[in-house]
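Good morning, and thank you for joining this session. I shall speak about the enclosed and open spaces of one protein model and about the two ligands placed in it.

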Amino acid sequence: MVQKLPDHILHNLPRHLAIIMDGNGRWAKKRFLPRIIGHRQGAKTVKEIVTAARRWGIRYLTLYAFSKENWSRPKEEVDALMDLLSEYLQRELDELLGNKIRLRAIGDIEDLPPRVRTILFDTMNRTSKNYEMQLILALSYGGRAEIARAAKRLSLDVLQGKLRPDDVNENTFKSYLYTSDVPDPDLIIRTSGEMRLSNFLLYQAAYSELYITDTLWPDFNENELLKALEDYSRRERRFGKTSEQIVLKCTGNES
Ligand code: IPE
Ligand code: IPE
Ligand code: MG
């Protein structure tokens, strides 16, 4: 276990880390086990990564736990994932409270089975005053659906005269997203090697750094996270500027 972070990583930590937790099925398949065992193992990784992120001072951690598209998986798998989610929330409540972690959810929460929704809302309420870290679960989440929902809510406000079309810009649009009060992810990690976003945080990922590892989610751990953070700490985020401009800014010589 890595207790302390090296200084160069500590000083370049992502404020918001988002993770596409992929590969539970492949992990199980490699062992001739049912997919659900992979998901169960994946839940253990969630615990380890939340603990490490909290200890290292990451302020926002978003985990892609269930996509809108995942509803089309076999019913037994969907049911098992919903059970795992409820179990996780119930089991981890004390840990979240003790570590002052606020739990939030983004996505079409109303799609979740009522029993899961109840536990989720309860966990969100009970942790709502926590301030050390926000743990944001993307559940029944789709980036395109989020953008369409924002457009719908925005147009209603325009119709009702609360917003003028001239005032619609990137910032006002952002205020209609689930993540209106959350900074964009600085780093997005995807496990299991797939080179795609799979409909995750499409609007927010505009300038996120991407880190893709072949490691399957159940095998991902604190050390793997450290590797990703180390890699991220060496990136030069230019946001369209030239490298020279960034170097000048760091040395305080920018005009
Ligand atoms: C990620 O693992 C978990 C969810 C999407 C819910 P997968 O279940 O997608 O694992 P693979 O991609 O089949 O290996
Ligand atoms: C992305 O994984 C969604 C989650 C991690 C929850 P998938 O396994 O569903 O992605 P695709 O279908 O391979 O793109
Ligand atoms: Mg997958």
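Which elements each supply at least two residues of the lining of the largest cavity? The answer is strand S4 together with helix H6, which spans 143-159. Please bear in mind throughout that this is a predicted model.

Allow me to complete the description of that cavity. The count comes to one cavity of 30 Å³ or more, and about 40 Å³ of space lies in the largest cavity. Helix H6 gives the most to its lining, with three residues. The residues that line the cavity are Lys 68, Gly 107, Asp 108, Ser 140, Tyr 141, Gly 142, Ala 145, Glu 146, Arg 149 and Tyr 178. By class, three of the lining residues are nonpolar, three are polar and four are charged.

I turn now to the pockets. The largest pocket has a volume of about 700 Å³. It is lined by 32 residues, and those closest to its centre are Met 21, Asn 24, Tyr 64, Ala 65 and Phe 66. Five elements are to be named here, each with at least two residues in the lining: helix H2 (24-30), helix H3 (35-56), strand S2 (60-67), helix H4 (75-98) and strand S4 (133-141). Strand S4 thus appears in the lining of the largest pocket and also in that of the largest cavity. As to chemical class, the pocket lining comprises 16 nonpolar, eight polar and eight charged residues.

What takes up this space? Ligand 1 occupies the largest pocket, and ligand 2 likewise has its place in the largest pocket.

Let us consider ligand 1. Its shell is made up of Met 21, Asp 22, Gly 23, Asn 24, Gly 25, Arg 26, Arg 35, His 39, Ala 65, Asn 70, Arg 73 and Leu 81. Helix H2 provides the largest share of this shell, three residues. Sorted by class, the shell around ligand 1 holds three nonpolar, five polar and four charged residues.

Which atoms of the protein come within polar contact distance of ligand 1? For Gly 23, a backbone N or O atom is placed 3.3 Å from an oxygen atom of the ligand. Two arginines contribute through their side chains: a polar side-chain atom of Arg 26 lies 2.7 Å from an oxygen atom of ligand 1, and for Arg 73 a polar side-chain atom is likewise 2.7 Å from an oxygen atom of ligand 1. On its own, ligand 1 exposes 380 Å², of which the protein buries 87%.

Ligand 2 comes next. The residues around it are Ile 20, Met 21, Asp 22, Tyr 64, Ala 65, Phe 66, Ser 67, Asn 70, Arg 73, Arg 190, Arg 196 and Ser 198. Strand S2 gives the most to this shell, with four residues. The division by class is five nonpolar, three polar and four charged.

How far from an oxygen atom of ligand 2 is an N or O atom in the side chain of Asp 22? The distance is 3.2 Å. Two arginine side chains should be mentioned as well. An N or O atom in the side chain of Arg 196 is 2.8 Å from an oxygen atom of ligand 2, while for the side chain of Arg 190 the corresponding separation is 3.5 Å. Taken alone, ligand 2 has 390 Å² of accessible area, and the protein covers 78% of it.

Some residues recur in both shells. Arg 73 is one of them, being listed around ligand 1 and around ligand 2. Asp 22 is another: it belongs to the surroundings of ligand 1, and its side chain has an N or O atom 3.2 Å from an oxygen atom of ligand 2. Met 21 and Ala 65 also stand around ligand 1 and around ligand 2, and both are among the residues closest to the centre of the largest pocket.

Finally, I come to the second largest pocket, in which about 370 Å³ of space lies. Of the 16 residues that line it, Arg 235, Glu 236, Arg 237, Ile 246 and Cys 250 are the closest to its centre. Helix H8 (222-233) and helix H9 (243-250) each supply at least two lining residues, and H9 has the largest share, five residues. The lining of this second pocket divides into six nonpolar, three polar and seven charged residues.

Thank you for your attention.

How values were computed:
Residues numbered from 1 in each chain as written. Chains lettered and ligands numbered in written order. Predicted model: local features only at pLDDT ≥ 70, side-chain atom pairs only at ≥ 80, totals over all residues. Heavy atoms only, no water. 1 Å grid on protein atoms, 1.4 Å probe; cavity = no way out; pocket = protein on both sides within 12 Å on 5 of 7 lines; lining within 4 Å. Points joined across faces, edges and corners; volume = space filled by probe spheres on them. Nonpolar A, V, L, I, M, F, W, Y, C, P; charged D, E, K, R; others polar. Near = heavy atom within 4 Å. Polar contact = N/O pair within 3.5 Å; in protein donor to acceptor, adjacent residues only side chain to side chain. Areas by Shrake-Rupley, 256 points an atom, 1.4 Å probe, with all protein chains shown as cover. Sits in = over half its atoms within 2 Å of the grid points.
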